[in-house]
Every structure is written in C-alpha cells, then in structure tokens.
Amino acid sequence: MFMIGPIGFAVPWLLTALIALPVLWFLLRAVPPAPIRRRFPGVALLLGLKDEDAETDKTPWWLLLLRMLAVAAAIIGFAGPILNPDVRVAGTGPLLVVVDGSWADARDWPRRVEKIEALIEEAGAEGRPVALVRLTDVPDAVEFQTAEAWAGRAAGLQPQAWAPVLDDWAEALPEGQFETVWLSDGLDHPGRAALLEALQARGGVRVIESQRVVLGLHPAVFEDGRIVIAAQRMPVADAVSVEVIARGPDPAGIERELARVSLTFPSGVARGEAELDLPPELRNRITRFELEAARTAGAVSLTDDSLKRRKVALIAAGPDQEGLQLLSPLHYLRQALEPVAEIVEGSLTEVLLANPDVVVLADVARLTQAETDAALEWLEKGGLLLRFAGPRLAGSDVSRIEEDPLMPVRLREGGRTVGGAMSWGEPKALAPFAEGSPFFGLVAPSDVVVRAQVLAQPDPELTDRTIAALDDGTPLVTRKAVGEGQVVLVHVTANAEWSSLPLSGLFVQMLERLAVSTRAARPEAGDLAGLTWVPEMVLDAFGQASDAGELAGVAGEELAKAMTGGPSPALPPGLYAGADRRVALNVLGPETELLAADWPQSVSVEGLEGREAQALKGQFLTAALAFLLADVLAALWVAGRLTGLRRGMVVVLLGLMPMGEARAQETALPDDVRALEATTAVVLAYVLTGDPRVDELSHAGLLGLSDKLWQRTSIEPMMPIGVDIETDELAFFPFLYWPVTAGAEQPSPEAYARLNQYLRTGGMILFDTRDADVAGFGGGTPEGQALQLIASGLDIPPLEPMPSDHVLTRTFYLLQEFPGRHPRGAIWVEAAPLAEEEAAEGMPFRNLNDGVTPVVIGGNDWAAAWAVDGSGVPLLPVGRGFAGEQQREIAYRFGVNLIMHVLTGNYKSDQVHVPALLERLGQ
Amino acid sequence: MTVAASSLNGDLRSRAEALGQTLPPLLAEAEMLASTVMLGEHGRRRAGLGDEFWQYRAAGAGDSARMIDWRRSARSDAHFVREREWQAAQSVTIWVDPAKSMSFTGDKGRAPKSDRAKLLALALAVLLLRGGERVGLAGLAHPRAGRAQLLRLASRLAGEAEAEEYGAPETEGMVSHGRGVFLSDFLGDLAGIEAGLARAADRGVKGVLIQILDPAEEEFPFDGRTIFESMGGGLRHETQQAGELRSRYLTRLAERKDRLAGLARAVGWHFTTHHTGHPAQAALLWAYAALEGGR
C-alpha cells in the first residue's frame, strides 16, 4: 500500500490527478464569474460609462484557492485515504487468541471484545482456524475451529473476578505450530513467563496491552479509631487523586453513598492511602468501598465484621465494692473489651435502649418481668446475652425448676466446688473443644483450671447446648438460641474467683469467637480454620455484587489461603459467612502488589488503541463538499448576487435559533406552569411508577374518571397529571392514585417526609396493587410486598376492611361493592374510632362523622376499568358482556364516590342530623 | 402587464376615489381667454345666461352704451357698467407614460411605476371632475366633465403598455390654453420630451411634469458583474463592477432632473420627482397646488 506518513491510500494512482491542479488554476483564472442580467430602465443613463478597473474580470486568487482545495480534497478523498492502515502481512496457520479475562480486563472489556472479534474475523477472512482461550478458566484442551464457529462466542465472553492461574495452561496447549495473539491485562501473573515460553515454542507471539491505569483497592483496616483505605495503581506515574466512595444501607435499608474521601497517590509511588473518620453508627453500615474512577472488582473492597466495633453492655449485680477492683466481676471483661468494643454500662432497661450488640450479665440472678420482656424482645432481634455465673446465681432459684427464658439450661442447686480445702479432687482443666463448637480450633492452655462452677441439670438438650466442657464432661459454656439471638451461660465467674480462665488469653479468644468483641485486625488463618464458610454475596469482574445463590461452602483453610493469595475460580471474591461472623474476600489482599507484565524483546507489544485503521474518505469528501459550498457563497458574493440571499440567510438562521431557545425553555419551564396547571381547577393526579405502561394506564384511567365526574357531578376536573413523588410538589392535588408495581423502589426519606405531610394535611392516596385477581389483600404477591415496603415509611393510621356503613358507600351513589377491573378485592380504609362502635337505635349507620380516610388500599385495578382513550372509548375490556359493562359502571361510581369523599369530606355522614335539624326548625 | 392591468382596472378607481376624497374640491383658476372660456356648470345653477353679478364700475371711454346699467346709473349722476363674473370650466389633459420603462419595479413588494402614475392620474381626475373641470387623457380621451368621464378614463388607463422603450409626451387632444399633466419617468431621449413640451407650450398649455421613479433608480443598489438591459431589451450595458458606476449614474440622474426642471421653468410648467417608495398623497397635494396656482 502506498503510504504518506500514517496515511495509506487504497487507490493511489488517483493521486496523479493532483498534477492537473496547476492547469486548473490557469483555466479557472481565465474565466470570470458569470454576469447577472438585470432589467433596469436607468440603463439609458448608463450608456457610455466605462469600467474603471478592468482587473476584476479575473477570478480573485482566494476564490481560486478555495476551488483548488475543493478539487484536491475530492481527489484525495476518492484515492481512499486510510489512517493507520493495517499493513501487517497476513499470517498463516492456526491462530490462538489468548485473553487474560481477569478483573483488570474489566476496565476496557468492550474494547477487548471488539479486538477479539476483529482478530477472529480477520482470521476467518484468511481461512485460518482459530481458538480462543480465557486464561481465568480452568485449563482445558484447546481446539482449533473455523472462525465462524467462534464469531458469536466472543461477544458473550465475560471477564472473571480473579486473576488467571497460568501454571497448567502450558500442558493444555495443542500440538503443532500456530500463531498466538495474547490480550494481556497488563499485570504480571505467576507462571506468565513459562506460558509465554511454551507459546513461543509453537510460533510467533503478539501481545496486545491496554495503556490504561489499573487501580485496585486494598481491604480497609481500622486503626486508632479511623478507617484507613489504601489503594494500588499499576503504571506508576504523576501524583493523581481518586475518589473513594463508601456505600451501605441507610436507616431505611436502601443502598446509598454514605461517605466519600479523596485518595491521593503521591508522584512516583504505587500506593496511596486515605483516612476516613466516621461515627460508629455510620461506619457499621458500610458494606463496601469503591473507587469512583474504576469499575472493576479490584477497585471494590468489601467490608466484613472487622470494621464494626460492637456495642457491649456490661451489667453487674449491685454496686461494686470499693477498693476491690480486681475482684470486680466486670474487671477482666472491661480489660478484654475496652480496646475493641464500645462499652455501655447502666441498668438493663437503660442499656437496651441503646440497642447494644451484646449484653453481659455478670452474676446477675433475678430480673424483673419488664426487664425480662425487654431483653427477650431484644434477643429475638438478634442480640447476644452473655451470662456469667457467680455466688448470687448459684444461690438463687433462677432456672431451677423450670428453664428460665434467659438461661440456656436448668441449674442444680448450689453448684459445686472442686479442689478446695473441703473437697476431694483436683481443680478441673478444660477438655479440648469439640467439633461443631464455636471454640473449635482453640487450644486450651493446661494451666487454666476451674475451682468452682454452677452445674447444669441433665436435660435432653444439654449435650446440644454445651459448647465447652471440663475434662470430666461437665458443661462449662452452654448456649441456647432465642429467635435470631442467643443466650450463652459461662458456668464460672467473670473474675478470677472461681477459675483462672479470665486470666488466660483463651478468655479473650473465646469472647472473640462468640463475636462479643471485634477483631481489630483481619482474621488470621487460625480463626478461619476448621469452619465452613458459605458465600453470601459474590462480586463479578466489574465489581457488581450478586447473590451467591447455591454456591457451595468452602473450608476455612482454603479461604485463609485465598485471603493472601487472591481469589480463584473456586473462591470468587465476595462475602463469606461462617457460624457467627462474616469474612470478606477481596480481589486485593492487604499486601498485594500490582506488578506490570514485563515482556521480552522477542515479543511485539501493541496497544489496544491507536492502531485501528480509519478510513478518511468520508472526511475528505465532506471537506470537498464544504469547500464547494463556501465557493458557491463566495462566487455569489463576488458576482454581487448575495444581496438577495441575505434575507434568505436570515430566515434560515432564525429558523435554526428557536430550536436552541425552545429546548432551553423546556428545561426552564417546569414549576410555575405545572403549579398553574394543577391549581386552576381540580386535577386528579397519579404517581409515576417508571413503568410506562402503568403510567399510561393511570393517565387514561383518571382521564376516564375525570370525564365521568364532569358529566355527572359539579366537579369539573382538568386533565390528570403524573406526579414524581421524589421531586414534585404534592400540595396541589387533593387526590393521588398510586398504582403499586412489583419491585417498586422505596421513596427517599425526603419524599417520605413530603408524603407524610401530604397525608397529614388532608390529601388522600388510593393505593392499587392491581392484583386482586390472584391474591387476597396483603398476600405474598410481589405487588403486595412492594406496597408493604412503601407503606412502611408512611404515617398511616390503623386500617380496617371497609365497613358496610362507611361514608364512601353513599357520598354520591349508594354502593355496596367497589369493583375495578377485578370485581371483589378487599378494600381497606382508616379504622373507625372504637367509641363510635355501635349504631344508634334505628339508625342505619354509625355516627361516624370525623375525618377523611387518608388512604384507601385495594387491588381492584380501578384505573384499568376507568381507562378511556382520547375519544372517550374504554381502553380495556372489563368482565364479560353486559355484566362487564355493569361492573365498569359500578367502578366509575366508586370513583365518583371516592372523589366526592375527598372533596366534601364527611358531609354525607353529617346528614344523619338532618331530621333533628328539621325538627328544631319547627317544620 | 396584462394581468396587473386587469386587476388594476377593478380597484384603481376605488383607490383613486378614496385618495381624492381626502382633498377639497379643486377649482382650476381660469385663464381668461375668450375662445376657450366656456360656461361652467356653476353658472347653470341660476336662471338667465349664467353670469353672476360681480361689481359696478364707472363707465369709461370705449364702453358701448349697451353695456351701461341704466337702473343703477339712474340713481346717481354718473354712468355705471355692471360687470359680471365669468365662471369657466378648465380643460385638463393628462398624459400617462405608457412605455415599457414604466413597468419597472425594484422590489417585488412594490408596484411598478406605471401603477403609481395611473393612480395619480385618476386621483387628479377625480378631484378635477368633482370641481366641475373637464378632464381628458392625451391621445386617448377628449376632455369631458361629469362622473361618467371618470369611468371612461379608468378604462382607457387600463390599456396595455406600448412597445416603446421610453415614452415621449403625447399632446394630441390637448385643448389650447388648457392645463396639462405629464406623468412619466422621463428617462428616455430628452429630445422627445423637449419636443412634446414645446408642442404643449405652443398651444398655450400650462401644467406640471411629475417624474415618477422607483427607489432602485434613485439608489442604484447593484454590485458585481452585471448586464443592464432596458425593459424591452433594446438597450444594454455591461459592467464588471456595477458598484463603481453608482456615483456616476447618480450624477447623470441629477443632471437629468436639472434639465427637466429647466425645461419646465422655460415654458411655465412645474416639475417634481415622485418616488414609488413614498405615499401618493404628497404628489397629489403637490399637483393640486401646482394646478391651482398656475404660476
């Protein structure tokens, strides 16, 4: 191909036409612009006048230049210029396309897929067999196939969230010679050099690498009350700062950005750090950190329990004795917990208000009924009650005859003492922890001995509830689940009075295993070993979290290895749950370094970008056209004919300008116009759900109802309006129709605030789950669940199914049922006050004349029954035949009653007083 | 022109009448020459010969005895002659240039010059007829009085343009010592105009020259390489830079106006230039004043 610089030409011989340009110069120069003919009576006065300047009959030089440029651009354009043409010599033999497919590839994955597709297509054009290998897969035999066979598969290829394991791939390579194209992610993975060698032995290797920066986030650690976030980058360059976002659920359970910090990489350093100081409530909610700039699994760091400082309430029986610090039942607990947890002290009812994670009762025997109830309620929600025995517990009759709800076992009277002056035997040591116990794997030091303890009654569940025992088999620690929480009883005191357990390191470890205290650091291999960890949530290569589904659990040892070595196909990055704690497995460990792949000289390395062949024909021809257009205008100007065009140009320009203005107005217009629209007359409004079909139907439904109201009543509503509860003002609308869709999102707290204000100030919302055909109200339909989610934040009074004497049954029409498109779903309204329960003697209705129900909830799909098109014809069929039309009519009547109720309140209820009023007037 | 003329025929009269209504009746001051004096309609309103009493004056030498008013003279010692006021209808002959050059307009939104000329002519006719004068069109209609003449004039004016490039004033049918109105652009050969004016002056006709020009002819807003052609295509002039010619063209136009004004002055006529870009009232007022003044 003929090349000039980076531009090649497809039809280079056409360029010879450029020689003709100078000839054209002379030709064009000789021809003056064509004259205009004008009829002009004044010509009689012009006769005999001579032109002063004869030069102008030649074309001006700049006009010539313009024309030459136009012609030149056209010639070059037709010669088919191509920027960066693909001039590689066509290869022969099979082609192996190798792609790392790791998380680092995710940053520009679409480009890689494009490249792979281009390579396959090219090979197909040359008739070469192709094989495509993703190195993150488990090695498998590589087979060459035709390019067509691969064409579809490349598009579906996805990167994986772990690094490739290259060791076994060399064996999987096919025999014979082939050419290799390796799309590397730019990182050095172990075994890369060996694989490269194996590939080079089979033929040429070409490497394609992206130039973009690889960013990774280390797990966040907790240091001195602050969260330290470290990040790693791969090509080390100038100082740059990136945003780190902390995400987690807000109090309403909606995932949000909780905090944001700027992380700076110093110039020439691969690692950058940032500190985040957050209040514990906020910190405990963080589920993940992510780099804003990069959307890869490596740029996401999941948090586990290690960031959370738990709140522990310590409660001892009675006031501490002065001067006996070391004898205090809480001393050792306080020492063990203070560095790692927040300690709350006070009475049980007080501390429960603070919602602690753990309540420790050290030798507290008797609790009041109120305290027991509060503690039980707290336990049901997942609290951990840790009780220590002691003289008081041993002396009381708590859990003696019957098992106390706050005790895991029944206790024998008095307990026992071993190895004391008045008893036989030696103090007892601990038995090794049994498998299945949370303490399994901990080693009990031999010098830990127990001199006294309380004894459990032998019950059928005792064995199951024992999680630690003495070497003679008597239970030392017992546990019972209560709701989502648990009660744990340690059968010795929390101080060194009965045993030396609190003096040993084992005590701290046991507290840790019980998740009483938080691990200040990441879990050690020992902490993980021996337990099975089930993935709860996994990350894909793009950093998106997804439910782990049915993924099998992994052994703690494997997980521990992955924590340092990085995730693997069997252990994708994510959140792993053990018995009572969760561990996050991140792509980058705390010490992982990102190393750039170093390719030997013999391998040609190309960038992913910049080498794409780009045909410039279009641009050149466009330029030629533009020059010609300019030439037309210039020629007109030279010939003096532009004057007539001026007005035309102005018209064209004016025509172009309003578009911009109109658009600007569209965005500027909203609030006032909306407010006017909504307030000049009564307007029915519906909540926009985001589902266009539902929204259209709501609009059509309210339009139909508005028509009926206009025809039959003195309410004359304007066109219905869709309302976005997140942004729009609600105060203008007396009535909101809210179709609930499955999977509807919860409104934001601000929207809730405005909705509640709306309900409190007399607005009414009609919730329609539109599912009465398949479910009773409140059933398990997706819409019902969505409604529960939405309604959880609303200030809704107690509800009851609509009673037969509710004012809604007679505000305009007398109705007994309220069908929509579904005939008989239950409808719920605000419950009547209890005092007004009974109807007066001889009265058909109860004397209920206060308040308008703020919500009406049902599932009859009213909008569908009301819906009409622009010409007033019903949109959807209701029921069947005449009965269906009757049902539609009743649906309209319900709508009329509802709007009447909204606008006139309980006026109809008040009419029960009419006879009395008439009597008083003497009629 | 045909289409324009036929449409003109319909509304030209109404437009002209509307214009004429805004002015007081025009009475052309009679030039006293017995041969042309004819009784105007004003005199007929009275019984008798139609003369009106003017004044008594003392009879002098040369007054025949027949002229003495004996009834008046009997009341005193002197002899008095009863003089009567002669009232005369004036004959006004209007010439509207029918040549092709009058069909020019410099802008599509503007009517051609001929339209304006015909409008002015008819408006004048309306005024004059209302004042009892006799109005005719040179070479087309003899001067007559009465409303019926107005219809005749309008239909004559709607005739097609002539084949000539430029018009020369037509004097046929001009009444001696009457009044003349020439409406033209006066861009043609000056000799023809001069001759026409001389013929009119020979017959003792006085009047006005109204030069009607399009604004484009005053401004010469042309540029670039242009071939100028007369309306019939008979004359042509080519230039490379029309813009360069502007100042010289304007000089020539000014000279032409000076010549015309000079000619008019020499024969006791009045001359003005009217632009189709301006309202017609100004020109009509001017013509009204000029015809009335006669000086």
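**Contact and cores of chains A and B**

User: How many residues of each chain take part in the contact between chains A and B?

Analyst: The contact draws 25 residues from chain A and 32 residues from chain B, where two residues count as touching if their C-beta atoms, placed from the backbone, lie within 7 Å. This is a predicted model, in which local features need pLDDT of at least 70 and side-chain atom pairs count only at pLDDT 80 or more, while totals for chains, interfaces and linings use all residues. Residues are numbered from 1 along each chain as its sequence is written, with chains lettered from A and ligands numbered from 1 in the order in which they are written.

User: Which element gives the most to the side of chain B that touches chain A?

Analyst: With eight residues, α7(B) gives the most; helices are DSSP runs of H or I with at least four residues, strands runs of E with at least two, numbered from the N terminus.

User: What makes β3 of chain A and β8(B) a strand pair?

Analyst: DSSP must find at least two bridges between paired strands, and four bridges join β3 (residues 36-39) of chain A to β8(B), running parallel, so the two strands pair. Within this pairing, A:Arg39 stands opposite B:Glu229.

User: Why is the set that includes B:Leu183 called a nonpolar core?

Analyst: The name applies because its members are buried Ala, Val, Leu, Ile, Met, Phe, Trp, Tyr and Cys residues joined through C-beta atoms within 7 Å, buried meaning that 20 or more other C-beta atoms lie within 10 Å of a residue's own. B:Leu183 is among those of the 67 residues that touch the most other members, and helix α3 (residues 113-130) of chain B gives the most to this core, with twelve residues.

Key. A residue is buried if 20 or more other C-beta atoms lie within 10 Å of its own, exposed if 12 or fewer, and partly exposed in between; C-beta atoms are placed from the backbone.
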